[in-house]
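Me: I should like a close look at one part of this model, namely the place where its domains meet. Please treat it in one connected account.

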Amino acid sequence: MGDLTGENSGLVIPPKQGAQLAIEQYNATNPKVKIKFKTYDSQGKPEQATTLAQGAIKNDKIAGLIGPAFSGESQSVAPILEEAKVPSVSPSATNITLGEKGWKFWHRVVADDAVQSDGAANFLVNSVKAKKLFTVSDNQDYGKGLADAIGKAAGSKGVQTQTDAVDDKATDYSSTVNKINQFKPDAVYFGGYYAVAGRLFKQLREAGYKGKMMSGDGSLATGLIEGAGQENAQGALLSCGCLIDAEGKTNPKAKKFADDYKAKFNSEVAIYSTEGFDAATAFIEAVKAGKTEPEDINTFLKTEDIQGVGKQIKFADNGELAAKDIFIYEVKDNKLPLLGNSNEAKVS
């Protein structure tokens, strides 16, 4: 479940495809129990997601949900799944508070924004050598949470910070751009999705800002480059708890997955493709172990500890992923190559 046709669908189609690939590969082994894969297009809207979740439980009798993809819709859908005792694994919802609700049927295969903000702040201080940081958010659940956490983490490391918010429905961000140019920060970090990040980065460069521009997982898509314009986007930095590793630099499974993905979808692995595959794998392992009822699947998820194509699939009691890695990417031409782990990545 997630935004499959809206303006940020570039973040959700890759995990959907990753999940689809995992399930098709499993079904091709002719197992005793096959898995039926169904998609729900929420367009990332919590109210749409709520209605879809109710239908998925009542009419489709789902055994598990991969998603919701975004944090806002996750806040609305998780209580419904909790009541129906249906497990979920999100490939991409990173808001910190999701793991603090005491939900027993909720999980995610990505580190939260507390981990991301710490990793990104370390990178900004150690590699970018930022002394002044300006954070901007779209004032939504995910974006504001991330921008606030980055500002706080950087501030605790002695960085001078200022912040502002933009309206994600608006297109003119000149008042924010002016504040940034007055503050003269070494870096600007935007919390939100790529549609807004692209517009903001374009306007910053056009207004003469020369410092580093950075954003999080919500902007890690080629749509960012299209929105900002290729020249303006060069050198923009992105932090993410996701691993996009087409060359298999991090583990051999990553390379095989990237090759299979390209063969199937005729496109490179992208943001959360890996996490979509790993979220589906978490469910597939349960089915392989003979668990087909939602509650039995959920109990099995709590015991898993397997190497995914991205990270170790192992959940803490609150549904959080045990692994805490953050990765940094940098716009180069029209691509977003991996620079490395946030503790080691070096700005080019």
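Which residues does the domain assignment of the chain give to domain 1 and which to domain 2? Please then describe the interface of domain 1 and domain 2.

Reply: The model is a predicted one. Its domain assignment gives residues 9–111 + 247–317 to domain 1 and residues 114–240 + 326–341 to domain 2. Each domain is thus written as two segments of the chain. Taken over C-alpha atoms, the centres of domain 1 and domain 2 are 28 Å apart. To the contact, domain 1 contributes 15 residues and domain 2 contributes 14 residues.

Between them, domain 1 and domain 2 bury about 1,200 Å², with 65% of that area on carbon and sulfur atoms. On the side of domain 1 that touches domain 2, the residues comprise six nonpolar, eight polar and one charged. Three residue pairs are in polar contact across the interface of domain 1 and domain 2, both residues of a pair being at pLDDT 80 or more. Salt bridges between domain 1 and domain 2 number zero.

For the model as a whole, the salt-bridge rule yields a count of twelve. One salt bridge pairs aspartate 164 with lysine 179, whose closest N and O atoms are 3.3 Å apart. Aspartate 164 belongs to strand β5 (residues 160–165) and lysine 179 to helix α6 (residues 174–183), so this pair ties together parts that are 15 residues apart in sequence.

Two details of the backbone may be added. Glycine 67 and proline 68 are joined by a cis peptide bond with an omega of about -10 degrees; proline 68 is placed in the loop between β1 (65–66) and α3 (71–84). Lysine 85, a residue other than glycine, has a positive phi near 60 degrees, and its place is in the loop between α3 and β2 (88–90).

Finally, there is the database record. In an unreviewed entry, UniProt lists residues 3–333 under "domain: Leucine-binding protein". In the model, the span of residues 3–333 is 43% helix and 12% strand, and its end C-alpha atoms lie 27 Å apart.

Key
Residues numbered from 1 in each chain as written. Predicted model: local features only at pLDDT ≥ 70, side-chain atom pairs only at ≥ 80, totals over all residues. Heavy atoms only, no water. Domains from an automatic or database assignment. Contact = heavy atoms within 4.5 Å. Buried area = accessible area lost by both parts, 1.4 Å probe. Salt bridge = Lys/Arg side-chain N within 4 Å of Asp/Glu carboxyl O. Polar contact = N/O pair within 3.5 Å; in protein donor to acceptor, adjacent residues only side chain to side chain. Nonpolar A, V, L, I, M, F, W, Y, C, P; charged D, E, K, R; others polar. UniProt positions renumbered as here; feature names shortened; annotations may be inferred. Helix = DSSP H or I, 4+ residues; strand = E, 2+ residues; numbered from the N terminus.
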